[in-house]
Amino acid sequence: MRKLVSGLLAASLMAVGLVGCGGGQQTSGTPAKEGSQATAPAPADQQRIIRAGIGLNDQHPQYKGLLNFKEIVEAETNGAIKVETYHSGQLGDDRTMMEALQLGTQEMTIPSTAPIANFVSDFSVYDIPFLFSSEEVADKVLLESEISQQLLDKLPAQGLIGLTYWENGFRNLTNSKRAVGAVADFKDLKIRTMENQLHLASFRALGANPTPMAFSELFTAMQQGTVDGQENPIATIYLQKFYEVQGHVSLTKHIYSPFVVLISKKFWDESTPEQQQILKKAAEEAGQLERQLNREANEKYLEELKKGGMTVTEISPEAREEMEALIAPVVDQFAERIGKDTVEKVRAAVQEASK
Ligand code: TK8
């Protein structure tokens, strides 16, 4: 039975991936040169271009962080590296763009960790619901713990370089049907999740009816009623105008999504050590700005959503505990798939950071 379910899931994920691919091809740049062997740094006098794509729009703190990255990289490399920025999924969805990085047909993207788990399963450790209790704990674990760095170190084997973590943030549920404040309210709600098995299983455990979907298709799916709801941080709910098609937001904060700044290994290997250093430092610096802007945005836009007439439902500690209890067996089931060692190390890092 489990096999069948995961087979079906794989099929639907592939379908989603294919749709994403079609969208991406319209605007993605030149195809990879056939047979190019990309290991030696490019000649110093040659300007190289990073095509950086994200799924969110140009109002989102993630895009502002990306513009900051561009500014630093172009200044520090004296123009030897130029960064072209694409927002709103112009180059495709998280998953499509990661595949393009692997192929070397795109150089940079900043996906949530949830879809990265389809490439390196350990990344699903961050999809464990209620793992982080606050942004401060998340910062300490993601930016200072050994295990978070070790996870980034698993990416080159997949043709990807993970420069550092940025913040997508605590995810909150929105829907068009009812105010959700207790477990019973999840019953049969059709909820779009990211393309991640642990997210799907967690929402199923709460009694909802989740379905994986690429971000670019989400607004239309909510508008047309294909799904009743979705979950994302407040900044996204506001800036992507989800309030136009969703009447209710619940402050579930069920998962904290990190972003990872990814560069294609091909581009990385063609860069000089000095350029690599600049890219890494720029990603870290711009990440500080992105985090700060994101936190300001989450606060400000929650007020805007309230003013705009969305019902905002707090989750009581009791309801949160009930949710955690329902999801706990799912997390246990997934521990092996994520990697027991990784789960243990991240939990230890969380504990250390919570002191
Ligand atoms: C944007 C995604 C998005 C994520 C999602 O590319 O898909 O819901 O939260 O913000 O990374």
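1. The protein chain of this predicted model has an average pLDDT of 91 (the predictor's confidence in each residue, from 0 to 100), and 88% of the residues score at least 70. Local features need pLDDT of at least 70 and side-chain atom pairs count only at pLDDT 80 or more, while totals for chains, interfaces and linings use all residues. Residues are numbered from 1 along each chain as its sequence is written, and side-chain values use heavy atoms, without hydrogens and water.

2. Over residues 1–38 pLDDT stays under 50. Where pLDDT is low, the predicted coordinates should not be read in detail.

3. Around the ligand (a heavy atom within 4 Å) are G55, L56, D94, S112, N168, R171, R192, M194, F215, N232 and F259.

4. Three side chains place an N or O atom by a ligand oxygen (polar contact: N or O atoms within 3.5 Å): R192 at 2.7 Å, N168 at 2.9 Å and R171 at 3.0 Å. Taken alone, the ligand exposes 300 Å² (Shrake-Rupley method, 1.4 Å probe), of which the protein buries 98%.

Terms used. Polar contact = N/O pair within 3.5 Å; in protein donor to acceptor, adjacent residues only side chain to side chain. Contact = heavy atoms within 4.5 Å.
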